[in-house]
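Me: Please give a close account of one part of this model, namely the strands in its later portion and the loop that follows them. I should like to know how the strands are joined and what surrounds the loop.

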Amino acid sequence: MAAEKVEQDVVVTLQYKLSLDDGELVEESEQDDPLMYLHGHQNIIPGLEEALEGMSIGEKKNIIVEPEDGYGEYDAEDMGRIERDDLPAEFDPEPGMVIEVTDDDGAEAEAVIVEVDDDGILLDFNHPMAGERLHFEVEITGLRAATAEELDHGHVHDHDHEH
Ligand code: ZN
């Protein structure tokens, strides 16, 4: 079923470019692999979702998303250490590496290694784009109504990603 515009429960397909304040291009969708998401279900960052609301197919827009509506403000406290003894013996950490860690409650998080010394590593748990103002260039390329199953799951289903 077709949909007229971006609104609650519509599956949106779009092409986008994402750059930062300094103009650095950090992400870009491929022509044959656009971003597809279910609108109104917090599947993308809130500032982008809100700005796309009401757009129609073929429409282009430049959207600026402030950090608080994007990946959050940078939190200098959101750091943690892992002692050398608690790291896998074969693991050779280097600054800049992104690793997945599991906390005491079993929750998984991604963290960037910012420092390595003889005793262990220092980790930054902020999202790599935390604190950044995001500049999106978007074009809506497809709209359709979501299926009952998609609404039930709260995300889009396409042949590449089955759940
Ligand atoms: Zn699903």
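Reply: The account below takes the strands, then the loop, then the nonpolar cores.

The model is predicted, so local features are reported only at pLDDT of at least 70 and side-chain atom pairs only at pLDDT 80 or more, while totals for chains, interfaces and linings use all residues. Residues are numbered from 1 along each chain as its sequence is written, and side-chain values use heavy atoms, leaving out hydrogens and water.

Helices (H or I, at least four residues) and strands (E, at least two) are DSSP runs numbered from the N terminus. Strand β6 (residues 98-102) pairs with strand β7 (residues 108-117) in the antiparallel sense over 5 bridges; pairing requires that DSSP find at least two bridges between two strands. Within this pair, Ile99 stands opposite Ala111 in β7. The two strands form a hairpin with 5 residues between them, and Gly106 in the turn has a positive phi of about 85 degrees. On its other connection, β7 pairs with β8, again antiparallel and over 5 bridges. Here the bridge partner of Ile113 is Leu123 in β8, and the hairpin joining β7 to β8 runs through 2 residues.

After β8 (120-124) comes the loop leading to β9 (134-145), and Asn126 is placed in this loop. Asn126 is buried, because its relative accessible area is 8% and buried means under 20%, with exposed over 50% and partly exposed in between (1.4 Å probe, protein chains only). Its side chain reaches the backbone oxygen of Asp75 at 2.8 Å. Leaving aside residues up to four places away in sequence, Asn126 touches Glu73, Tyr74, Asp75 and Asp78, where contact means heavy atoms within 4.5 Å.

A nonpolar core is a set of buried Ala, Val, Leu, Ile, Met, Phe, Trp, Tyr and Cys residues joined through side-chain atoms within 4.5 Å. The largest has 23 residues, of which Leu52, Phe136 and Val138 touch the most other members. Two or more of its residues come from each of β1 (10-19), α1 (46-52), β4 (60-65) and β9. Val138 touches, among others, Leu14, Tyr16, Leu48, Leu52, Met55 and Ile63, not counting residues up to four places away in sequence. Apart from this core lies another, of 8 residues, including Leu87, Val101, Ile113 and Ile121. Ile113, the bridge partner of Leu123, is thus found again in that second core.

Conventions
Polar contact = N/O pair within 3.5 Å; in protein donor to acceptor, adjacent residues only side chain to side chain.
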